[in-house]
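Hi,

Here is the model I said I would send over. Have a look at it first, then read my notes underneath.

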Amino acid sequence: MTHPVIADGNVAVVTGGASGIGLAAAKRFAAAGMTVCLVDRIEERLAAAKEAVAAESPSGTVLTSNTDVGDRAAVEALAKNLFGRFGTIHLLFDNAGIQPGSSIFGPQANWDAVLRVNLHGAIQVAQIFGERMVAGGEPGLIVVSGSKQGITTPPGDPAYNVSKAGLKAFTEALQHDLRNRQGGRVEARLMIPGFVFTPLTRGERVEKPDGAWTPEQTADFMLEKLGTDEFYILCPDGEVTREMDEKRIAWAAGDIVENRPPLSRWHSDWAEKFKAWAAGR
């Protein structure tokens, strides 16, 4: 059992849909009989992705769009085209993201690129499509891809953390707005993947690490949780359990409550204390 909008004849739009979790989810939507539009800015991946998704579809209705989500005019044009063709969109998987790496005083170009796509791009996709979905009056679902790095903000890639922390705050505000609209039939969920072996995370590796989930495992977990009323879809993986995720998130919030140093999990005076606490010692 999954969310009722994932149904034969309904329409799904997947940004970042030509690879990774987006492609895996698009296959599941197609297998359910949905018309699927794959959106990606890497044009050379789209043809193969379309073929792979169409192979899962009873109807074979798969569209592609070479659209940069960071370009607001392009997103507006895409929405105008799709809503004009189908009347409404039932499911938006707002999933496009990049991770070129960053450091506090590193290249500004990396910061600009990450915030443009992961934060501003994801927000404007949700705004542009979401407003039309609400106006259409039909049941709808917006799933936004966040990250655990936007919650526990580990050191190493601050631009990515900032983008995903901002996206978490936006998606929470989005759901609050949607649930308080009279007769509202559109809702939002925050997808929080674990360690997933995708083109975004693989780096120089050619084989999936034992601890990583596949995109297909992650998509299946997401679909299962969409059948519940859970807003935060917090995914485990082969290395980290739900219990450990909860402890890490609670500790991160505790830095504020207890007035510990920021990122105390990685602070020389606190790292061992966290490990002992997490182990129940």
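Below is what I found, going from a helix to a strand and then to a lysine.

Before anything else, keep in mind that this is a predicted model.

Let's start with α2, which covers residues 43-54. With 12 residues at 1.5 Å a residue, this helix should span 16 Å, and its end C-alpha atoms are 17 Å apart, so the two agree. Three residues in α2 are buried: Leu46, Ala49 and Val53. They take up an arc of only 75° around the axis, which means that they sit on the same side of α2. That fits the usual helix rule: with 3.6 residues a turn, residues three or four places apart point the same way. Turn to the other side of α2 and you find Glu44, Ala47 and Glu51, which are exposed. And what covers the buried residues of α2? The cover includes α1 (20-31), β2 (35-40) and β3 (62-66).

Next, β5 (140-145). This strand is mostly covered, with 6 of its 6 residues buried. Gly140, Ile142 and Val144 point one way from β5, while Leu141, Val143 and Ser145 point the other way, and all are buried. The general pattern behind that is that side chains in a regular strand alternate between the two faces of the sheet.

β5 pairs with β4 and with β6, so to speak for each in turn:

- β4 (residues 91-94) runs parallel to β5, joined by 4 bridges, and leucine 91 stands opposite leucine 141. Together with helix α4 (residues 108-136), these two strands make a right-handed β-α-β unit.
- β6 (residues 186-192) is also parallel to β5, over 6 bridges, with serine 145 opposite methionine 191. Here the chain crosses from β5 through α5 to β6, and this β-α-β crossover is right-handed.

Last, lysine 148, which is placed in the loop between β5 and α5 (158-179). Is this lysine buried or exposed? Its relative accessibility is 15%, and the cut-off for buried is under 20%, so lysine 148 counts as buried. A polar atom of its side chain lies 2.7 Å from the backbone oxygen of cysteine 235. Leaving aside residues up to four places away in sequence, lysine 148 touches Thr153, Ile192, Pro193, Gly194, Leu234, Cys235, Pro236, Asp237 and Asp245.

Cheers

Conventions
Residues are numbered from 1 along each chain as its sequence is written. This is a predicted model: local features need pLDDT of at least 70, side-chain atom pairs count only at pLDDT 80 or more; totals for chains, interfaces and linings use all residues. Side-chain values use heavy atoms; hydrogens and water are left out. The expected span of a helix is 1.5 Å times one less than its number of residues. Buried means under 20% relative accessible area, exposed over 50%, partly exposed in between (1.4 Å probe, protein chains only). The arc is that of the directions from the helix axis to the C-beta atoms. Contact means heavy atoms within 4.5 Å. A polar contact is a pair of N or O atoms within 3.5 Å; within protein, one must be able to donate a hydrogen and the other to accept it, and residues adjacent in sequence count only if both atoms are side-chain atoms. Two strands pair if DSSP finds at least two bridges between them. A crossover is right-handed if, with the strands pointing away from the viewer, the path from the first strand over the helix to the second runs clockwise.
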